[in-house]
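Take a look at the model below. The report starts with strands, moves on to helices, and ends with loops.

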Amino acid sequence: MPNIRSPDSTALDRGFHALADATRRGVIARLAQGEASVADLAAPYDMALPSFLQHVRVLEEAGLISTVKTGRVRTCRLEAERLAALNRWIAEYEAGWAARLDRLGDILDRKGDTQ
Amino acid sequence: MSHQSMVHRTATMARTYSASPARVFAAWADPEIRRLWGSPSDEVELRIDAADFRIGGEDQQTCVVQGEPVAFVTGRYHDIVPDRRIIYTEVISEADALLGMSLVSAEFIADGSGTRLELTLQTVAVDGSDLLDGVEEGWTSALDRLGAQLMAVV
């Protein structure tokens with residue numbers, strides 16, 4: 001039975017809020033081309049770094065991006081589609097099992113007259 | 001790369017077969033029979049490279065599509081109660097990249113002259129290499145989906 005409940009409204013609100021800003025949409029568009037450091041992401045914007053970091057934090061809290069700090073460099077990457085890809089993989093894996101169980105039934109039926 | 005994403009999910013499924021629990025159990029225990037039904041889809045041929053059906057034993061299987069190996073599955077049996085229960089883990093990888101693994105619990109329950117099979121899959125998917133090739137184009141569709149979701153809510 002697929003999950004037909006409405007999407008988590010808090011998560012939806014966060015996602016909506018995160019994308020309701022031109023700077024943050026710009027960051028998403030840039031990250032669609034690959035990982036980037038906060039400094040590289042901030043470069044095109046005429047904005048103090050702390051203000052830019054606020055935008056990064058909003059995107060991260062919405063689950064749209066993840067960041068990881070290595071030394072003094074904080075690297076950002078898109079997250080939502082990654083998780084969607086992993087969810088798709090599990091769905092395919094589970095569908096594979098459903099197909100296996102059906103085929104097992106066919107085989108048991110076919111051999112049914114031997115026992 | 002810098003860190004790994006993971007997704008966890010538990011699924012249950014059940015089937016009722018006309019065969020006895022002993023015959024259904026045998027179809028899992030015998031690699032020759034398992035090869036016949038163990039492929040995840042009709043396009044995939046299951047090659048059993050090693051089979052060792054006992055507690056602590058390890059299976060090696062390769063999923064083959066048109067003669068090419070596409071995925072490797074390593075199974076390890078943790079609990080076997082003849083005609084009743086099998087608990088094992090399946091590790092699925094592709095070349096040298098781990099894709100995911102699952103704790104598979106199969107219970108064989110006598111149901112009249114047949115068997116009710118109850119299966120629980122506790123799966124974790126990790127981000128392997130090829131899985132993420134479509135990220136860029138996928139992002140566009142993710143935004144489309146988000147937009148559609150928002151439209152549906154408003």
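In this predicted model, A:Ile65 stands opposite A:Leu78 of strand S3 in chain A. S3(A) covers residues 73–78 and is joined to S2(A) by six bridges. The two strands run antiparallel.

These strands belong to an open sheet of three strands in chain A. Its order is S1-S3-S2, and the pairing is antiparallel. Strand S1 (36–37) and strand S2 (65–70) of chain A are the edge strands, as each pairs on one side only. Strands of a sheet pair through backbone hydrogen bonds, either parallel or antiparallel.

Helix H2 of chain A, residues 22–31, packs on this sheet. H2(A) touches S1, S2 and S3 of chain A. The direction of H2(A) makes about 85° with that of S3(A). Helix H4 of chain A lies across S2 and S3 of chain A. H4(A) runs at about 120° to S2(A).

Now for H4(A) itself. This helix spans residues 49–61, which is 13 residues. From first C-alpha to last, H4(A) reaches 18 Å, close to the 18 Å expected at 1.5 Å a residue. Which residues of H4(A) are buried? They are A:His55, A:Val58 and A:Leu59. Seen down the axis of H4(A), the buried residues fall within an arc of 100°, so they line one face of the helix. An α-helix has 3.6 residues a turn, so residues three or four places apart point the same way. On the other side of H4(A), A:Leu49, A:Pro50 and A:Glu61 are exposed. After H4(A) comes A:Gly63, with a positive phi near 80°.

Chain B has three helices and seven strands. Along the sequence, they follow the pattern β-α-α-β-β-β-β-β-β-α. Of the 154 residues in chain B, 21% are buried. Take the contacts in chain B between residues at least 6 apart in sequence: 39% of them join residues at least 24 apart.

Two loop residues of chain B deserve a look. Each has a positive phi without being a glycine.

| Residue | Phi | Loop in chain B |
|---|---|---|
| B:Gln66 | near 50° | between strand S3 (58–65) and strand S4 (68–81) |
| B:Asp83 | near 65° | between S4 and strand S5 (85–94) |

Is B:Gln66 buried or exposed? B:Gln66 is exposed, with 8 other C-beta atoms within 10 Å. B:Asp83 is partly exposed, with 15 other C-beta atoms within 10 Å.

Terms used:
Residues numbered from 1 in each chain as written. Chains lettered and ligands numbered in written order. Predicted model: local features only at pLDDT ≥ 70, side-chain atom pairs only at ≥ 80, totals over all residues. Helix = DSSP H or I, 4+ residues; strand = E, 2+ residues; numbered from the N terminus. Expected span 1.5 Å × (residues − 1). Buried ≥ 20, exposed ≤ 12 C-beta atoms within 10 Å, placed from the backbone. Arc of directions from axis to C-beta. Contact = placed C-beta atoms within 7 Å. Pairing = 2+ DSSP bridges. Axes fitted to C-alpha atoms, helices over the stretch in contact; angles between N-to-C directions.
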